Amino acid sequence: MEESALRDSRRPRRTRSNGPSREDEAVSRPRAEMRERPLSGTPSSRREERDSAATGPLAEAPTRARPMPPRRPGARPTQHLPRVLAVEPTADYALIDSGEGEKLERYGPLTVRRPENQAIWPRRLPAVDWDGADAIFTGDTDEEGTGRWRFPREPLGETWPLRYDGMSFLGRFTSYRHVGVFPEQDAHWRFMVERMEAARRPVRLLNLFGYTGLASLLAARAGAEVTHVDASRKAIAWARENGEVAGLGDRPIRWLTEDAVRYVEREAKRASRYDAILLDPPRFGRGPKGEVWQILEDLPYLLDLTRQILTDRPLFVILTAYSIRSSFYALSELMAESFRGLGGRIEAGELVIREAGEEPRNLSTSLFSRWIADAND
């Protein structure tokens, strides 16, 4: 993984949206991805897909206006941007090629071909390499879902073993083209573990929109007490299953099927506090009781609540956003206002995956903003 500063900040770009999410239907990911499933081939579908599958038509879901938080006093954290966090090829994962609206990836020994709207350039590899993938998402629509997988070499089951940094978990071939892991998050996962280990004290971590649980499991493996919240029951079931596969079933992780905003509201009233918080919301989604989430409308309120439940010695808050009509500048400014008076710094930019091979290209996946507390003993 490489972290580098972008020199030209004059042209913020929008990143692909991963809305529908990792899968509701396969029991997917942090509900951000699962929740809505707008679906189609947009990156944003990752998050969206989860929730919509679980809750039914949006028209039937109750809505409620959330107030804009008041302006907080104090100085804003310093801002370091733009930043690009690039994930390099490893034995566990590599982006082999991309282009013409698709990407060719390797997960361990398996190659996977999927749609990718951000890949608007020509492919580098010949058609034989693409056509010979172990799993190919066709995009066909039928009564069973939004798409189907084809296995040219040999039939593969619904689940398949995956590994990340020595930790085992399960991938799934879902009808929304996701497989249960978002490799670009490696940049945040490594940062999270490094900060927690450097703290040299017990850490309470809250993972909102937790999806299939990889961040929660990595944090627990590093010694944190984790609360994992997702609106999708399927995502929670998948995350629990991943915990057992990883051999971490006995770690202190609370798996909660909850609406993220409602949960944090209750935690604020109960004066519950966390040292570190992850937010991976969908562009649009629904909670288990029909709650509606619109990221640009609801994120200011949720970030303000997030600030309220930080301990007196917090470590960080990490926000990732897929498929939104905005820029990392907007996320950085919002976070700077939300964390006035707390010191620290804010980093914001894009998460990208770097292709393997010569003259590798960077595939943009999402926007991010993270608040990092000043070092404390």
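**Helix packing and strand pairing in a predicted model**

The crossing of helices α7 and α8 is left-handed. The contact involves Val-261, Val-264, Glu-265 and Ala-268 on the α7 side. On the α8 side it involves Tyr-301, Leu-302, Leu-305, Thr-306 and Gln-308. Two packed helices are described by the angle between their axes and the distance between those axes. Here the axes come within 9 Å and cross at roughly 35 degrees. Helix α8 spans residues 295-308. An α-helix has 3.6 residues a turn, so residues three or four places apart point the same way. The structure is a predicted model.

Helix α7 covers residues 260-269. Of its 10 residues, 7 are buried, so the helix is largely enclosed by the rest of the structure. The buried residues are Ala-260, Val-261, Tyr-263, Val-264, Glu-265, Glu-267 and Ala-268. Val-261, Val-264, Glu-265 and Ala-268 are thus named twice: they are buried, and they also take part in the contact with α8. The N-terminal end of α7 is capped by Asp-259. A side-chain oxygen of Asp-259 lies 3.3 Å from the backbone nitrogen of Val-261. After the helix comes Ala-271, which has a positive phi, near 60 degrees.

The protein as a whole contains 9 helices and 18 strands. It has 377 residues, and 59% of them are buried. Contacts between residues with a separation of 6 or more were also examined. Of these, 68% join residues 24 or more positions apart. The exposed surface is about 15500 Å². Carbon and sulfur atoms supply 48% of that surface.

Several strand pairings involve β13, which comprises residues 276-279. Strands of a sheet pair through backbone hydrogen bonds, either parallel or antiparallel. Strand β10, residues 204-208, pairs with β13 in the parallel sense over 4 bridges. In this pairing Leu-208 stands opposite Leu-279. Strand β16, residues 316-321, also pairs with β13 in the parallel sense, over 4 bridges. Here the bridge partner of Ile-277 is Val-317. Both faces of β13 are covered. Ala-276 and Leu-278 are buried on one side, and Ile-277 and Leu-279 are buried on the other.

Strand β16 has a further partner in β18. The two pair in the antiparallel sense over 6 bridges. Phe-316 of β16 has Ile-372 of β18 as its bridge partner. Strand β17, residues 345-354, pairs with β18 as well. This pairing is antiparallel and runs over 10 bridges. Within it, Ile-346 stands opposite Trp-371. Strand β18 itself spans residues 362-372. Of its 11 residues, 10 are buried, so the strand is largely enclosed by the rest of the structure.

A set of 5 strands forms an open sheet. The order is β3-β4-β5-β6-β7, and the pairing is mixed. The edge strands are β3 (93-99) and β7 (149-150), each of which pairs on one side only. Strand β6, residues 135-137, is joined to β7 by 2 bridges, and the two run antiparallel. Ile-136 stands opposite Arg-150 of β7.

Arg-113 belongs to strand β5, residues 110-115. Its relative accessibility is 11%, so the residue counts as buried, the cut-off being under 20%. Leaving out residues up to four places away in sequence, Arg-113 touches several others, among them Ala-135, Ile-136 and Phe-137. Those three residues lie within the span of β6. Trp-149 is also one of the residues that Arg-113 touches. Further partners include Glu-102, Lys-103, Arg-123, Trp-130 and Asp-131.

Ala-224 gives a loop example. It is found between α5 (214-221) and β11 (225-230). At 3% relative accessibility, Ala-224 counts as buried. Its contacts, leaving aside neighbours within four places in sequence, are Met-196, Val-203, Ala-219 and Pro-252. Ala-224 and Leu-206 are 18 residues apart in sequence. In space they are 9.9 Å apart, C-alpha to C-alpha.

Key
Residues numbered from 1 in each chain as written. Predicted model: local features only at pLDDT ≥ 70, side-chain atom pairs only at ≥ 80, totals over all residues. Heavy atoms only, no water. Buried < 20%, exposed > 50% of the residue type's maximum accessible area, 1.4 Å probe, protein only. Pairing = 2+ DSSP bridges. Polar contact = N/O pair within 3.5 Å; in protein donor to acceptor, adjacent residues only side chain to side chain. Contact = heavy atoms within 4.5 Å. Areas by Shrake-Rupley, 256 points an atom, 1.4 Å probe, with all protein chains shown as cover. Axes fitted to C-alpha atoms, helices over the stretch in contact; angles between N-to-C directions. Left-handed = near helix turned anticlockwise from the far one by under 90°.
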